[in-house]
Amino acid sequence: MRRPAGRPPPGCRLVIPTDRQIRALHERFAPNHAAFELVHTHCEIVCALAEELYTGGDLELVRAGCLLHDIGVYRLNETDSYLRHGVLGHELLRELGLPEQLSRFCSHHTGVGITRDDVITLGLPLPPGDYLAETTEEELVMYADKFHSKTSPPVFVTADSYAVSLSRFGAGKVARFAELRDRYGEPNLDAAAKRFGHAVV
Ligand SMILES: [Fe+2]
């Protein structure tokens with residue numbers, strides 16, 4: 001029988017890096033301090049939002065997934081589409097020897113999931129394949145990520161604003177987001193805005 005995506009073999013316990021170890025990885029791969037601040041703070045915010053939205057699954061894994069999910073941003077070069085940060089992060093963590101279960105958070109958190117069909121029909125700059133959240137933990141990391149954006153300045157994004165921005169990708173994506181919203185609810189963005197000092201849009 002095939003194991004579910006990213007699961008370690010039976011009897012083999014997944015070793016999850018600590019917050020400090022993950023922070024050290026960000027420091028190691030960020031090209032400069034501003035990039036580190038932007039990306040690592042975003043990851044910490046997504047982690048706080050995911051903890052608030054958490055309904056089940058392995059919380060330690062969710063936290064590590066949030067803290068690692070955007071590490072591939074540091075590997076983007078000037079000509080790369082931003083969309084590639086997920087696969088670049090996955091490659092980076094794989095090269096470091098991190099387990100698939102952790103590396104997958106990078107390539108499986110974009111939007112509300114990207115299908116092979118999306119890659120082909122939209123001509124996305126990704127190897128053809130499905131980049132969908134398959135586990136409870138992947139789903140929560142992907143969903144929590146939608147409420148904060150690394151724009152300049154970084155902002156919190158309401159569920160309504162995100163739903164509007166998704167509409168250009170079709171009704172299926174909007175419906176998928178509505179399903180996630182039903183399942184997890186919405187974080188208290190006013191409280192998060194106060195805590196982290198970023199506006200809500
Ligand atoms: Fe993110």
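Colleague: What makes you say that helix α5 (residues 100–107) is largely enclosed by the rest of the structure?

Modeller: Seven of its eight residues are buried, so the helix earns that description. Buried means under 20% relative accessible area, with exposed over 50% and partly exposed in between, using a 1.4 Å probe and protein chains only. Helices here are DSSP runs of H or I with at least four residues, strands are E runs of at least two, and both are numbered from the N terminus. Bear in mind that this is a predicted model, where local features need pLDDT of at least 70, side-chain atom pairs count only at pLDDT 80 or more, and totals for chains, interfaces and linings use all residues. Residues are numbered from 1 along each chain as its sequence is written, and side-chain values use heavy atoms, without hydrogens and water.

Colleague: What covers the buried residues of α5?

Modeller: The cover includes α3, α4 and α7, going by contact, meaning heavy atoms within 4.5 Å. Leu102, Phe105 and Cys106 are among the buried residues of α5.

Colleague: Which residues count as protein donors of the iron ion?

Modeller: His42 (NE2), His69 (NE2), Asp70 (OD) and Asp145 (OD), lying 2.0 to 2.4 Å from the iron ion. A donor is an N, O or S atom within 2.8 Å of the metal (3.2 Å for Na, K and Ca), so these qualify; water is not among the atoms, so a site may look incomplete.

Colleague: Why is the site of the iron ion called irregular?

Modeller: The angles among its four donor atoms run from 85 to 170°. Tetrahedral needs all angles between 85 and 135 degrees; square planar (four donors) or octahedral (six) needs opposite donors over 155 degrees apart and all others between 65 and 115; anything else is irregular. The iron site therefore goes down as irregular.

Colleague: What do His42 and His69 tie together?

Modeller: His42 lies in helix α2 (residues 33–53) and His69 in the loop between α3 (59–68) and α4 (85–95), so the pair links parts that are 27 residues apart in sequence.

Colleague: Is His42 buried or exposed?

Modeller: Buried, because its relative accessibility is 1%.

Colleague: What makes α7 roughly perpendicular to α9?

Modeller: Their axes cross at roughly 105° and come within 11 Å. Axes are lines fitted to C-alpha atoms, for helices over the stretch in contact, with angles from 0 to 180 degrees between N-to-C directions. Under 35 degrees is roughly parallel, over 145 roughly antiparallel, 65 to 115 roughly perpendicular and the rest oblique, so α7 and α9 are roughly perpendicular.
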